[in-house]
Structures are given as C-alpha cells and as structure tokens.
Amino acid sequence: MRHKIAVIPGDGIGPEVIREGVKVLEAAAEATPGLEFEFINFPYGAGHYLKTGELVPQGGLDQLAEMDAIYLGALGDPRVPTGVLEQGVLLKLRFYFEQYINLRPVKLYPGVRCPLAGKGPEHVNFYVVRENTEDFYVAIGGRAKGRSRAELGVVRSIYEAKFGLDIDVDRGEVAYQIGVISRKGSERVIRYAFELARRKGRRRVTSVDKANVLTHAYSLWREVFELVARDYPEIETEFAFVDAITMWFVKNPEWYQVVVTPNMFGDIITDLGAMIQGGLGLAPGGNINPDGVSMFEPIHGSAPKHAGKNVANPLATILAGQMMLEHLGEREAADKVEQAVAEVLKEGKVRTYDLGGRSGTSDVGDAVAAKAKKL
Ligand code: IPM
Ligand code: MN
C-alpha cells in the first residue's frame with residue numbers, strides 16, 4: 001500500500017534522527033513488495049517559530065489531517081522559552097488530533113546493557129499505555145493574589161533570588177493547575193490497554209494511580225478500570241500506586257505486561273521505563289488515535305548540545321517508525337525493521353556513544369537499513 005507520511009524533523013537532534021528513521025522506512029519499503037511511502041516535510045519547531053512567529057497554523061493542521069500518519073523528530077530549543085514549542089507543537093498535535101493513547105513499549109533487546117543487576121531481555125518486556133489528552137495536561141490553571149515577576153516586568157533568575165537579590169513580589173501569590181479525568185477519556189484508553197493485552201497475548205493489566213491521595217480524580221479512573229475489566233475476564237488485573245510502581249519497575253520488571261496510566265504519571269514512569277530498556281536512545285512512542293491521524297516519535301527530547309554532531313542514537317526514532325508501520329497495518333515491514341534493529345544491537349558493532357560505541361547517527365541508520373533490505 002501507499003502511505004502519505006508527514007515528517008516533522010523539529011529541533012536539535014530531531015532532523016538527524018528522523019533522517020535515519022526515513023532511511024530505514026525506505027529500506028523496508030524496498031524490501032516489501034507493494035509498500036510505498038510519500039514523505040511530506042513540515043517545518044514546525046524553533047526555526048520556523050523564530051522566523052515566522054508561527055507554531056502550527058490552522059492551514060498546517062488541515063494539511064496534516066490529510067496524512068496517514070505523522071513522524072516526529074524532537075522539539076525544544078534554548079532560544080525559545082520552555083513550554084512554548086512543547087505546548088504549541090507537540091501537545092497541540094496530540095490534542096488537536098485526539099491522540100488519546102500514548103503507547104510506549106518498554107523492551108530490552110539482547111546486546112543492550114540493562115542498568116538493573118541480574119536483569120536481561122527476558123525480564124524487561126512490557127507496554128505502558130499512557131492516557132494522552134487529559135489529567136494535568138489540559139492546561140487549566142492560573143495565578144491569583146499577587147503579581148508575578150513577569151507581570152512586574154522584571155525577570156530575575158532563581159539564583160539571584162537565592163542569593164538575596166529578590167525583588168518585591170507579593171508574598172500572598174498563589175498558582176493553581178487543575179487535572180481533569182473524564183469517564184469517556186479513561187474508558188477509551190483503559191479499553192485500548194485491555195485490547196492490546198488480548199492482541200499481544202498478555203495476561204495482566206496493571207492500573208496506575210494515586211487514588212489514596214488524589215481521591216476525586218483517580219477514584220473515577222479506578223471505577224472505570226473496574227468496569228472495563230469485567231469485559232476481559234481472562235485478563236488478570238491489579239492496581240498500583242504510582243510511587244510504588246517506580247520501585248517495582250526497578251525491583252521486579254518481569255512482573256509487568258501491560259500498564260495503563262493517567263497522563264502525568266505515565267510521563268514520569270516511562271522515563272524510568274526508558275532507562276531499564278537501555279536508555280532514552282532506545283525508547284519509542286506512538287501517539288495514537290485509532291480513528292484518526294496518529295503520530296510516532298522517540299520519547300527523548302531535542303538534546304541541543306548534541307545537535308549537528310552526528311552522535312545521537314537514532315534507534316528510538318527508528319523503532320517509532322516500526323510502531324508506525326505496525327499501526328498502518330504493515331506487519332511484514334514492521335517485523336523486518338524490528339528484526340534489523342535487534343540484529344544490529346545484538347552484533348554490537350555499530351552503536352552510538354550512549355551504548356558504549358563510537359559510531360555516528362548515520363552509521364546506525366545505514367546498518368539497520370542494510371539489514372532490513374536483506375530480510
Ligand atoms: C514526553 C515529553 C512531553 C510530555 C513534553 C515535552 C511536553 O516529556 O513526550 O514524554 O510531557 O508528554
Ligand atoms: Mn516525558
């Protein structure tokens with residue numbers, strides 16, 4: 001089949017890793033009769049923003065809506081204040097296209113060192129299904145009872161404040177941010193997690209929350225989890241508090257099969273997940289709307305200090321491409337890419353500095369592409 005893929009290279013190392021991702025997808029297409037791609041580049045990110053003042057314009061959203069999927073590098077740039085690109089591009093796309101599932105496989109491949117003593121590939125192989133459109137990410141909040149430094153027109157760093165150079169701001173000031181959990185939003189992601197377990201032959205789904213303290217929001221989440229679980233009697237279920245699960249990911253990762261979690265806890269535990277699968281350089285994610293346009297990306301950021309040096313590990317992005325293939329129904333090509341990545345990792349000859357090697361970003365892409373073509 002022919003697929004129209006929007007490519008957003010983004011900032012920092014984004015363009016370098018996405019180039020390798022596209023290279024591998026092209027190799028997979030070459031090796032898979034009938035599979036074809038049309039890649040269309042979109043410039044969103046720091047450069048475009050600084051030049052035009054535009055994040056993602058409505059016209060861009062309309063064009064993206066016509067694509068079969070979006071392939072994203074990374075966003076974030078020291079020249080742009082924190083949050084602008086994250087919210088204006090990444091979260092904008094997740095929300096606009098209602099990509100309500102953030103699927104993050106945590107899988108340790110043979111040949112990759114696990115930082116957990118005594119744990120290997122047979123112990124680290126599960127899925128985190130992160131809710132992706134609610135919780136504290138809805139951006140409801142504000143400040144009251146005072147004026148911020150910004151409003152006073154004075155910007156002082158935390159360090160200046162710490163060393164006694166603080167300015168006269170109203171000490172009564174408060175800030176608040178509201179997390180939202182909806183019945184519909186929980187239902188759809190929790191059901192997806194159970195369906196995933198069924199599809200992948202997994203026997204247990206773990207629900208993450210903090211229902212012992214944040215009782216209002218997460219009691220609804222729990223209630224919905226229990227209701228949905230009834231439709232999957234063959235699957236074992238359990239609840240884990242978010243603080244406890246960070247401990248268990250380290251102590252007993254082999255226990256986990258499918259973990260479903262509200263948005264913010266999912267953000268936090270998948271960075272931990274990335275570490276136990278060998279590092280951020282190996283962790284892909286899919287922002288999925290089963291009935292709409294989905295977006296695939298490495299879960300790492302733009303790592304500005306490594307940008308332009310051909311040193312970043314492109315495997316997280318390549319594996320995000322593999323997830324995209326699977327999502328597009330290209331099972332055979334997806335398997336080829338995964339196998340190619342697994343072989344390159346196992347051989348250990350071509351690897352970037354984060355995995356203890358000296359190869360360049362493009363060497364890793366070349367090695368995976370060459371293998372994929374031969375499979
Ligand atoms: C992630 C990132 C994003 C998130 C940021 C960049 C908005 O940390 O994809 O995990 O918090 O979801
Ligand atoms: Mn994150």
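In which strand is Gly286 found? Select Gly286 and the residues around it, and you will see that this glycine is found in strand β11, which covers residues 284-288. Bear in mind throughout the tour that the model is predicted.

**First stop: Gly286**

With Gly286 still selected, display the accessible surface: the residue is buried, its relative accessible area being 0%. Next, show its contacts beyond the neighbours within four places in sequence, and you should find Ile101, Asn102, Leu103, Met295, Phe296 and Met323. Of these contacts, take Met323 and draw a distance between the two C-alpha atoms, which are separated by 6.9 Å although Gly286 and Met323 lie 37 residues apart along the chain.

**Second stop: Arg130 and Asp267**

Turn now to the salt bridges, of which the structure holds 22. Select Arg130 together with Asp267, whose side chains meet in a salt bridge with an N to O distance of 3.7 Å. Because Arg130 belongs to strand β5 (residues 125-131) and Asp267 to helix α10 (residues 263-276), this pair ties together parts that are 137 residues apart in sequence. Colouring by accessibility separates the two partners, since Arg130 counts as buried at 1% relative accessibility, while Asp267, at 28%, counts as partly exposed.

**Third stop: Arg222 and Asp209**

Select Arg222 and Asp209 next, and look for the salt bridge in which their side chains meet at 2.6 Å, N to O. The pair links helix α8 (residues 215-229), where Arg222 sits, with strand β8 (residues 204-209), where Asp209 sits, the two residues being 13 residues apart. Here Arg222 counts as partly exposed, with 22% relative accessibility, whereas Asp209 is buried, with a relative accessible area of 0%.

**Fourth stop: Lys371 and Glu347**

Move on to Lys371, which forms a salt bridge with Glu347, their closest N and O atoms being 2.7 Å apart. Two helices are involved, for Lys371 lies in helix α13 (residues 361-374) and Glu347 in helix α12 (residues 331-347), so the bridge ties together parts that are 24 residues apart in sequence. Lys371 has a relative accessibility of 19% and therefore counts as buried, the cut-off being under 20%. Glu347, by contrast, counts as partly exposed at 41% relative accessibility.

**Last stop: a network**

Finally, select Lys200, Glu326, Arg331 and Asp335 as one group and show their side chains, because these four residues are linked in a network of salt bridges.

Note on methods: Residues numbered from 1 in each chain as written. Chains lettered and ligands numbered in written order. Predicted model: local features only at pLDDT ≥ 70, side-chain atom pairs only at ≥ 80, totals over all residues. Heavy atoms only, no water. Helix = DSSP H or I, 4+ residues; strand = E, 2+ residues; numbered from the N terminus. Buried < 20%, exposed > 50% of the residue type's maximum accessible area, 1.4 Å probe, protein only. Contact = heavy atoms within 4.5 Å.
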